[in-house]
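Trainee: Please take a close look at one part of this model with me, and tell me how its pieces are put together.

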Amino acid sequence: MTILELENVGKSYGNVHALRGVSLSVRQGEVTCVLGDNGAGKSTLIKIVSGLHAHTSGSVLLDGQSVHFGSPRDAQSQGIATVYQDLALAPLMSVWRNFFLGNELRKGFLKTLDIAAMKRICASELSKMGVSVPDLDRPVASLSGGQRQCVAIARAIYFGARVIILDEPTAALGVKQSGVVLRYVVKARDAGLGVIFITHNPHHAYLVGNHFVILKLGRVVLDAHRDELTLDRLAAEMAGGDELAELSHELRGVAVPPDTAS
Amino acid sequence: MTTTAPLATQDDRVASRPLAARLLSRPEVGSLVAAVVIFLLFMAVAEPFRNVANIGTILYGASTIGIMAVPVALLMIGGEFDLSAGVAVTTAGLSGALLAWNFGLNVWVGVLLSLVLAVAIGAFNGWLLLRTGLPSFLVTLGTFFILQGVNLGVTRLATGNVASAGISDMDGFASAHAVFASQVTIGPINFKITILYWLVLTLIGAYVLLRTRIGNWIFAVGGDAAAARAVGVPVRSTKVGLFMAVGFCAWLSGMHLLFQFNTVQSGEGVGKEFIFIIAAVIGGCLLTGGYGSVVGASIGALIFGMAQLGINYAGWNPDWFRTFLGVMLLLATIVNLYVKRRADLR
């Protein structure tokens, strides 16, 4: 079942066309991978779907209805959660305050923060992800990169009802931490969420993806289901096919010193 | 199937931190230490400081700074400055006096119009900041000079003088005086009503900051505004709200000035903004935002109250007060930094 659909979406910043005619659909219980090199338009795409920027052409359909998200809060309230590359965590705030930032639990007449409940939920959600933070009052800045990533993902999944967007979640992580994150991507998919997984690593994408879209200079250059692809083909397409062959040819030329070649 | 290590094991590299370390890593610790040291210092060198009756005077001095230090601290935690806070107090006092006196109104009408104006100045600061994207240092430096000029210019136009005309014989003065400038005597000590306002504001400020959703938002917009916006925190309204809170407290301070002295000098207030900021910094607020304490800022104000009078009582030349402030500021920030590092290492 398709939850979110983009039809010919474009975005211009003045005379710069960051995104042109991008179509994409996110289905329930599937991982849609968006791949692309730096500057391909991945970030712009996320910003449109998460409500930070408005698209300038085409349409975004949520459950078949055309929508324009006015703000991240608007997108969130319609069930679209985003985990940003910079994680959107305030470094000096404690772990539990960050976890519930923007979605604080309150109780009583004075709408006091329900700190006990928030700490309890935060601890249990984090332990589900395999992260143990002994003191939830510690500032987020004191956690490791992988732990911070997990806090951000656990938060998005706990609050993000239907679609979760992951912006390069494995970019800054080691092999083991990436594995943890990818496992969580699969968990989110199996829980019936639609996942948009943004990455420039075709190996990570192929491990979890159902559907693959490659962006290049703001346009879609490949849009294929898993059945139609192999990892090698995906990696080659991602690297730009012919360009990669050319590059390897060039590098081979450089690597061979001229005197031994003659 | 191969066995994998269980995911949710306790990480044995991280031990829980001792209670003392957790207490020491609180932002207000530096100011508390400084307050105790200064208290002991003046107790030792200044004989009148030991006189119980002077507690009221010291607390009064602290309260006039504290009423403003509380919202200024909140604003700094929210990542912004307000350099116009000092003259805004004078603007509030003057506008109340001039409006009531010029149009022959009940002083309470002047009080309410002044409230609207003071909060509007705060809102304007916030709006201009968000609209232009300029740093708050520049925006409020601009309003600081604008207000300073307006205070002098309008007062001279309206009264031909540099101070507002006395309003003690006008309708409603007695009741307004009771609200903004009365005092009660308990034993040998005179307590001004500003002390009550200061304590109440501190309590409300600390409660809002630590126990409400808005407090969470204040920390977040100061710590990382982009992150806060991304998770749905209304960054703009939070910041504008903080500036308006500064405006509200400037009004309260201005009303006290007006009804305490019955007239307001139009050149007053310049330089006060730094004292509010210093009180907040001594109390543990970071200049970069996202960290700090309302209680700390109030302790900072108390340090000022003690120092201001202590220097007098000790018979030292009050010329040295500013030097003392500078030294205090440096010492307190260094102590804060040092204590925080030590506590975080443990």
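Mentor: Two strands are said to pair if DSSP finds at least two bridges between them, and the elements themselves are DSSP runs numbered from the N terminus, helices being H or I of at least four residues and strands E of at least two. The model is a predicted one, in which local features need pLDDT of at least 70 and side-chain atom pairs count only at pLDDT 80 or more, while totals for chains, interfaces and linings use all residues. Residues are numbered from 1 along each chain as its sequence is written, chains are lettered from A and ligands numbered from 1 in the order in which they are written, and side-chain values rest on heavy atoms, with hydrogens and water left out.

The part I would choose is an open sheet in chain A, whose six strands follow the order β6-β9-β10-β3-β11-β12 with mixed pairing. Its edges are β6 (80-83) and β12 (219-225) of chain A, and each has a single partner strand, so one side of each is left without a neighbour in the sheet. Direction ignored, neighbouring strands are turned by 15° against each other on average.

Within this sheet, β9 (residues 163-167) of chain A pairs with β10 (residues 194-199) of chain A in the parallel sense over five bridges, and Leu166(A) has Phe197(A) in β10(A) as its bridge partner.

Now to the helices, where contact means heavy atoms within 4.5 Å, and where axes are lines fitted to C-alpha atoms, for helices over the stretch in contact, with angles from 0 to 180 degrees between N-to-C directions. Helix α5(A) lies across β6 and β9 of chain A and runs at about 180° to β6(A). Helix α8 (residues 231-239) of chain A packs on the sheet too, touching β3 (31-36), β11 (211-216) and β12 of chain A, with its direction at about 20° to that of β11(A).

Helix α5 (residues 145-159) of chain A also packs against helix α6 (residues 175-190) of chain A, at an angle of about 5° and with the axes 10 Å apart. The two are therefore roughly parallel to each other, a label for angles under 35 degrees, as over 145 is roughly antiparallel, 65 to 115 roughly perpendicular and the rest oblique. On α5(A) the contact is made by Gly146(A), Gln149(A), Cys150(A), Ile153(A) and Ile157(A), and on α6(A) by Gln177(A), Val180(A), Val181(A), Tyr184(A) and Ala188(A). These residues divide into seven nonpolar, three polar and no charged (nonpolar covers Ala, Val, Leu, Ile, Met, Phe, Trp, Tyr, Cys and Pro, charged covers Asp, Glu, Lys and Arg, and the others, Gly among them, count as polar).
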